[in-house]
Structures are given as structure tokens and as C-alpha cells.
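Please examine the sequence and the structure displayed below before reading on. The explanation that comes after them proceeds from one region to the next.

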Amino acid sequence: MNATGKVLRLAAMGAAAGVLVAGIALPAVGGAGVGLVSAVEDVGLAPRDLAEPPLAQVSVIQDVKGREIARFYEQYREVVPLDKMADIMKTAIISIEDYRFYDHGPIDIEGTVRALAKNLQSGGVAQGGSSITQQYVKQVLLNAADTEEEKNKALEASYARKLNELRYAMGVEKKYSKDQILEKYLNIAYFGAGAYGVEAAAKRFFGISASELTLPQAATLAGAVQDPNATDPNLGKTSRDRLLKRRNVVLDRMAELGKITEEQAAEAKKARLGYKGTPLPGGCESSKYPYFCVYVRNEILNNADFGKTAKQRLAFLNRGGLTIRTTIDPTTQAAADRAIRKWVHPSDNPVAAEALVQPGTGAIKAMAASRPYGTRKSKHQMSYNLVADVAHGGGIGFQAGSTFKTFTLLTALKQGMKINDGFSAGAGYRAPSLSTFTTCSGQGIGDINHTVTNDEGSPGWLTLQTGTWHSVNTFFMELERRVGLCDVVKTAKSLGIRRADGEKLQEYETFTLGINEMDPVTVATAYAAIGARGKYCAPMAITRITDSTGKSTDYKPKCRQALDPEVADAAAHILSGVFTKGTMSSVGGIGRDAAGKTGTNDNSSSAWFAGFTPDLAGAVSVGDPRGAQKYKLNGVTIGGRYYGSVFGASIPGPIWKDTMLRALRGVPATEFTPINTERFGGCGGSCRGLVSVTPPTGGNGPAGGGHGPTGGGDTPVQILPD
């Protein structure tokens, strides 16, 4: 049977089986004119509108100044217009894939007849014969598929799929010009090596843009689209050899069609493949600011503002072609990186982490750590976010120690205590009864078998000022009892305090001593609220998102007044004395109004410093990620220096100071609002008429939650009656 007879036979079969050619008028085949009677109504062979979801494009993350810091993508693609593609690239792809592209309609009848005849002989779909328009349709359907079943259906070797493709192709040709279709095809096609679209392929393969492609390069990419997995040059020599042969096939075809001369083809064949394998940009591991990058990624994936479901949010980030403007400031980040490098080495077992936050906005200006971030198995890399909580890719954090005493101080000021109100604190504190403290659920709690002692500071008559400056544990245990454990917890929560691991805050009597594991971003944001006169702003990393169409959405700070401004002023007044009269006096201040609190945990299991100015706040933690309770900071060498014990003022305080000096260089100094002395300046009664703490004897054990953190600070200072 000749080719004409086979096609006629195929048409007859179509009436019963609903196959592709029913309803198509075919031209002459083998010299005989053949006209197939239309059966359009029977098979529905009419143009169908193709739903074209936006192409998966690269999302770019920028710093506060608009400079790129990272990229995210499901498919690495950069959509470019047709006039940004080299003419030789257009010629090459048309020559090999659909040389009559500009002459035929949605289907290349001649090519389809040849393919159908071949398929009939083989008993299946052995030859495609698809036009570029049909190939574009197939790629759209494949990219829109969410499940494996949908993907397999988009690729199945069946006449039913071909028929659907043709319907859609008819709709596409009706909707777009040929140039528009070619542009769409070249932007959607996969070329191998992880490159989608001709622009990404040109950069990945040759390190240039699509507008700069030469003849051999264009022929290479044109050859790659037929079977990009088999000719993927990134997979080794065998695949590269296949690609080289395929390139030469394209060159021969271009010469055969008269698009280039035989001499040009021969010269192009002499060229090496030239595959550069330019690394695909993007991902947090390749970012200058990896920990911040991880934070931004998780902020989008976990925030309902960016999609109702996790799947939608992932697609939004990895497919959306977004431009994401963030809060990270290169100058501030550089200051943090430099300070940490000075004090802690990447090879040290303990790690340092620092977050810097802007008071009044919550904008995260820097996130730095002493070790590089990466998921590759390397001794000194960290595979999680050292600076943030679990919700933003972090770990369990470190106990925050005496930085939590600030929340007890704030609660006392809220309840009307003055800066010089005080009482006598002993050398040790033990709860008088099991119901000495009450949790927010109403549970009485008190460890009558454990004595809290003072590792820093001395017992005696202490006030809110002197007790804070010298971080005296027994003073703060009694102060917490007086103001109420639950009220202290509520104050902390109002300033955004939550555990790094996402679990509920542990409400033990030693809450004020910082038994809860925290992350620097959360602590820095809480202290930033004091610097903003009580205005708490949630941590903020993203300020604007522009989608692939150019539509922009601005994101504003999420703030609320958490503290009475005058209470915050009074706390800042007291905490500023930590630099001049307290645990940071050996380190010193930064030459402008600043306040803060050291924090050292039980037997130096970890150390902190959290501080703020009206312009910038920061928190620094130091601990051993192998396990802070097991690997304490005693008898350790960090940053090339030996420490018998590490305190808050040993490493975290100096890191904070060095960071601030550089980060705020050139920034006009903003002063704290003076304390309201009428409200907070005096004792308001008999300063010495309050109940003193009788030092208990004996007893030991966990100070709530199995830990007994102590106050932060440096060398003990003798405290005299105020």
C-alpha cells in the first residue's frame, strides 16, 4: 500500500476511533490529490483557548539599596523579548524544528502526513511531526501540570494528545502572531543543564546572553531542545559528544535550507563545543548574606501574606519571577561580619551570632554568624540559621540568660517602682514555698530545694538601678516574686519574646534568669522596642515585592505600642548605666546614648549581650552548637584567645560594641528621651523599709526546667547601699 493509501486508511480508522486526522484537509501526497471529508463536528476539531499560566521565572532578592543578593527558582529562566535573541538563534531553531514555520498554519500538514504514515507503519506514535506551535502547546501543558499523572498525560504517546495539541495550536495561532509564538517557545523550552529558556541556556552553556550567540553556539542550543536530558552537557563526556553531533546535524540542515553556506557550516563544525557550565546563580549558599537569605525564604514560605497554602507560597517564590526588596543594609552587615570575625573564628567550636534591628520599624539590618552557611557536609559549615528561630530556618537557640532581667525591670517600672526603690538581697535565694510564684495558668510554682546564687554582683542593699547594673540574681528573683512571674512573662511576650524552637515559654521561677532558649533576631527586636520608646515592631525583612508583570506591593512595619513610653525611657536610663557602672564597664560605651544588658548562663553554658540606641539595636549570642549544657564556655580558646570562663562582657559585648561603632559611623546620634524624674526619680517612700531576702542554706538542683542560669557580667563589683 502506498503512502496515499495508508493515509486514507488512517482517515477511515479515524471515523471509528476518533484519531487525529479526521477533519483535516490534506494536500497532495505521492502525486495523488487526496481530500478527506471533514468531520469537524464529530471530533470537535475547532480552535480551543489555551490557558497559559505565567512561566516559572527566577525570583531575585535585593538588599535595601536594590543590589541582588540571591535568587530562587524552580526553573532557572529569564524571559526576554524576541529582539533580545540573536537572529542566528531564531534561524537555527526554525531550521531544525519547523522550517516552514512562517508558511504553514497551526499544523505542518506535510510534516504531519509524513509522521502519520511513519506512525501507521510502526503501530504507534514513532514520529512527532509537531510544529513549533504544537511544541509550545505541549510545553505549556507540561509546565501547568501539578501531578505526575498530569505530566505523563501531557507527554503520552497517543493520538488523543495530538488531537488536543492541535485544537490548542489552532487557538494559539489565532491569538498570536508567528513572532510572538516563536518568542514564547524560545522562552519556555528546556535546553538541559537546568536552563529553561534561551536566555538562561546561553548564560549556562556559554556565559553570554542570547543576543550574543554565534552560529555554532546557536546551533548547539537549537540541537539541544530535541532531547535535552540525553544531550545535557553537564552530565559528562558522553552527553557532550551527543550534543556535538546534534549541533552538526543542525548546521547541516541550515546549509541544506540555504540559511548558511556549506563553508560556514564546515567552519562552524570545527569549533569546540565550548560549554562553560556557568554556575546557576541563586540559592542561599551562594549569597553574600546567607543567614538573612534563609530568613527571607522562610518568611515567604511560612507567611500567609504570600499565599494561603504552603504549595502556593512555594510556587510564589520559586516560579513568580519576583523582585524582592529587603531591609538588609550592606554597611551594617559588613560591620557585623567584621566584628564577629575579630572575636570568633569559623574553626572554633563555639559560634557567635548577631542580629541588628532598627527601632521603630523592626527592619532587620544585618544577620551575621561566625561560621559559613551551607548544606554540604563540611566541618565548619552550619546547615541551619544560627541567627533566627525555627520558623525562619533556625535551631533551638541558646538560653538568653540575664538579658531576660530587663523584662522584670520593665514590669517593676510599669507597676510604679522608682529607679532607686530597692531592698536587701542575700547571697542566695530559695523559694519559701511551692506556691511562691504563679504561672499565667494559675499554677503555683517554686523550687524549695534549689538555691539561686550570685555568680556576678554582690549581695546587700540594691535598687532597680544597682541591681540591674551588676546583674544580681538574688535581687531579680525577689523582684520577680514581688511583681509577679506572670506579669513578667506578659511583658516579655508583649515585646515579641517567644522560644526559638517554637514551643511555649517555660514559666519557671528562674524565668527572669533567662532559662528559655532564644535567637538573636527575637531578642534584638525586643530590645529595639525599648529604644523606640516602647513601640514594638515585629521583625521585618521584606519591604516590597514586584511581580513579573511589574506590579509592586509594599509591606509596611507591623507595630504596636507595647510599653508606656515613659516606662521605656526609665528602662533605657537604667540600662545605660550598664556601660558606665555595671557589667560592661570594662568594655565601655560607644560614644553616644546606648543601653543594654549582659547575659551569662549557668556555668557559662552560653553568653549574650543585647543593647540598643534610638537608631539601632542588636543582640549577640555565643554558645557551642554541639550542646551548650555539655560543652560549656570554660577553659576554651575562642578567636585565638584563651578564656577561663566566658561572660556576656567577654565576647558578646565587645562584638556588639565593635559592630555599633562601625555601623553607626556617619549616622547622627539620637539621644534617649530623658527620664521623667517626677515619676521615676525618687524612692516614693522608705527605701529601706522593704522586706529583705534572708539567705537560705543548703539545697541544690535545677533552677526550673533543668537549668540554673546566672546573671551576665564581668568581675563582681562590691555594691554599697544607695
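The paragraphs that follow treat an internal cavity, a helix and a loop in turn. The reader should bear in mind that this is a predicted model.

We begin with the empty spaces inside the protein. When the whole structure is searched, five cavities of 30 Å³ or more are found. The second largest cavity has a volume of about 50 Å³. Which residues line the second largest cavity? Its lining consists of Pro 53, Pro 54, Leu 55, Ala 56, Val 140, Asn 143, Ala 144, Ile 188 and Arg 319. Helix α5, which covers residues 132-144, supplies the largest share of this lining, namely three residues. By chemical character, the lining residues of the second largest cavity divide into seven nonpolar, one polar and one charged.

We turn next to helix α20, which runs over residues 520-531. With twelve residues at 1.5 Å a residue, helix α20 should span 16 Å, and the end C-alpha atoms are indeed 16 Å apart, so the expected and the modelled values agree. The expected span is reckoned as 1.5 Å times one less than the number of residues. Is α20 buried or exposed? Twelve of its twelve residues are buried, and the helix is therefore largely enclosed by the rest of the structure. Among these buried residues are Pro 520, Thr 522, Tyr 527 and Gly 531. In an α-helix there are 3.6 residues a turn, so residues three or four places apart point the same way.

The two ends of α20 also deserve attention. At the start of the helix, a side-chain oxygen of Asp 519 comes to within 3.2 Å of the backbone nitrogen of Val 521. After the helix comes Arg 533, which has a positive phi, near 60°. Most residues other than glycine have a negative phi.

Positive phi values also appear in a loop elsewhere in the chain. Asn 603, although not a glycine, has a positive phi of about 55°. This residue lies in the loop between strands β21 (595-600) and β22 (606-612). Ser 604 is found in the loop between β21 and β22 as well, and the phi of Ser 604 is likewise positive, near 55°. How do the two residues stand with respect to the surface? Asn 603 is partly exposed, because its relative accessible area is 42% and this class lies between the limits of 20% and 50%. Ser 604, by contrast, is buried, because its relative accessible area is 4% and buried means under 20%.

Key: Residues are numbered from 1 along each chain as its sequence is written. This is a predicted model: local features need pLDDT of at least 70, side-chain atom pairs count only at pLDDT 80 or more; totals for chains, interfaces and linings use all residues. Side-chain values use heavy atoms; hydrogens and water are left out. On a 1 Å grid over the protein atoms alone, a cavity is a set of points where a 1.4 Å probe fits but cannot get out, and a pocket is an open set with protein on both sides within 12 Å along at least five of seven lines; lining residues have an atom within 4 Å of a point. Grid points are joined across faces, edges and corners, and a volume is the space filled by probe spheres set on the points. Helices (H or I, at least four residues) and strands (E, at least two) are DSSP runs, numbered from the N terminus. Ala, Val, Leu, Ile, Met, Phe, Trp, Tyr, Cys and Pro count as nonpolar, Asp, Glu, Lys and Arg as charged, and the others, Gly among them, as polar. Buried means under 20% relative accessible area, exposed over 50%, partly exposed in between (1.4 Å probe, protein chains only). A polar contact is a pair of N or O atoms within 3.5 Å; within protein, one must be able to donate a hydrogen and the other to accept it, and residues adjacent in sequence count only if both atoms are side-chain atoms.
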